[in-house]
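Please open the model in your viewer and set the display to a simple ribbon, so that you can follow along one selection at a time. Keep the sequence panel visible as well.

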Amino acid sequence: MIDFIASSAGLFILIGLFVAGMAGALIVARRDTFANLWSNGLAIAGSVWGLAFASSVLITGNDIALKIAASGFSFFSVSLHVDRLAAFFVLVISLVALCCSVYAIGYVRDYYRRYSIGLL
């Protein structure tokens, strides 16, 4: 299980949770409560997965290299490399994001009907 978390699939899940939270909040931007729960709920899930991902990379010592070629040209490709140093920073950022996302659920309620919560 820990090898699956510390793999390129685990990195895709991590990125996918945050992208799904962002896209879903934009789609349901008119419904304040649902947009708040959707975006912050997936941010919490992404942060928890980020903590598990970073911890498993630190424990196993796996280096994850990922190259996504958008086209045949090499200068249009995206390359990601997660080693122990990157995993440490993912761990710290995920911990801070978890605290902020939990706090934001209640904080954003003050802005209902004044601002678009999906865009917030």
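The tour below goes from the whole chain to single helices, then to a pocket and a few chosen residues.

**The whole chain**

Begin with everything selected, and bear in mind throughout that this is a predicted model. Colouring by secondary structure brings out four helices and two strands, and when you read along the sequence these follow the pattern α-α-α-β-β-α. If you turn the model along its principal axes, the C-alpha atoms fill a box of roughly 45 × 35 × 20 Å. The chain has 120 residues, of which buried residues make up 32%. Among the contacts with a separation of 6 or more, 71% are accounted for by residues 24 or more positions apart.

**Helix α2**

Next, select residues 8-27, which form α2. This helix has 20 residues and reaches 28 Å from its first C-alpha to its last, close to the 28 Å expected at 1.5 Å a residue. Now show the side chains where there are any, and colour the buried residues, which are Gly10, Leu11, Leu14, Leu17, Gly21, Gly24 and Ala25. As you look at how these are spread along the helix, it helps to remember that an α-helix has 3.6 residues a turn, so residues three or four places apart point the same way. What covers the buried residues of α2? The cover includes α1 (2-5), α3, β1 (64-69), β2 and α4.

Stay in helix α2 and pick out Ser8. Ser8 has a relative accessible area of 31%, and because this lies between the limits of 20% and 50%, Ser8 is described as partly exposed. Leaving aside its neighbours within four places in sequence, Ser8 is in contact with Ile64 and Leu66. A distance label from the C-alpha atom of Ser8 to that of Asn40, 32 residues apart along the chain, should read 24 Å.

**Helix α4**

Move on to residues 84-107, which make up helix α4 and number 24. From its first C-alpha to its last, α4 reaches 34 Å, close to the 34 Å expected at 1.5 Å a residue. Its buried residues are Ala87, Ser94, Leu98, Ser101, Ala104 and Ile105, and what covers them includes α3 and β2 (77-82).

**Two buried residues in helix α3**

Select residues 32-60, the helix α3, and zoom in on Asn36. Is Asn36 buried or exposed? Asn36 is buried, because its relative accessible area is 1%, which is under the 20% limit. Its side chain makes a polar contact with the side chain of Asn40, at 2.5 Å. Apart from neighbours within four places in sequence, Asn36 is in contact with Gly41, Ala104, Ile105, Val108, Arg109, Tyr112 and Ile117. Two of these names, Ala104 and Ile105, you have already met among the buried residues of α4.

Then travel along helix α3 to Ser56. Ser56 is also buried, with a relative accessible area of 2%, and its side chain reaches the backbone oxygen of Phe53 at 2.8 Å. With neighbours within four places in sequence left aside, Ser56 is in contact with Ile2, Ile5, Ala6 and Gly61.

**The largest pocket**

Return to Asn36 and switch on a surface, since Asn36 is one of the residues that line the largest pocket. The volume of this pocket is about 160 Å³. To see the lining, select Met22, Ala25, Leu26, Asn36, Ser39, Asn40, Ala104, Val108, Ile117, Gly118, Leu119 and Leu120. Both α2 and α3 supply at least two residues of the lining. Which classes of residue are found here? By class, the lining has eight nonpolar, four polar and no charged residues.

**The segment after α4**

Finally, go to the segment after α4, where you will find Tyr111 and Arg113. Tyr111 is partly exposed, with a relative accessible area of 24%, and its C-alpha atom is separated by 17 Å from that of Gly41, 70 residues apart along the chain. Arg113 counts as exposed, because its relative accessibility is 82%, and the limit for that word is over 50%. If your viewer lists backbone angles, look up phi of Arg113, which is near 65°, a positive value in a residue other than glycine.

Terms used. Residues are numbered from 1 along each chain as its sequence is written. This is a predicted model: local features need pLDDT of at least 70, side-chain atom pairs count only at pLDDT 80 or more; totals for chains, interfaces and linings use all residues. Side-chain values use heavy atoms; hydrogens and water are left out. Buried means under 20% relative accessible area, exposed over 50%, partly exposed in between (1.4 Å probe, protein chains only). A polar contact is a pair of N or O atoms within 3.5 Å; within protein, one must be able to donate a hydrogen and the other to accept it, and residues adjacent in sequence count only if both atoms are side-chain atoms. Contact means heavy atoms within 4.5 Å. On a 1 Å grid over the protein atoms alone, a cavity is a set of points where a 1.4 Å probe fits but cannot get out, and a pocket is an open set with protein on both sides within 12 Å along at least five of seven lines; lining residues have an atom within 4 Å of a point. Grid points are joined across faces, edges and corners, and a volume is the space filled by probe spheres set on the points. Ala, Val, Leu, Ile, Met, Phe, Trp, Tyr, Cys and Pro count as nonpolar, Asp, Glu, Lys and Arg as charged, and the others, Gly among them, as polar. The expected span of a helix is 1.5 Å times one less than its number of residues.
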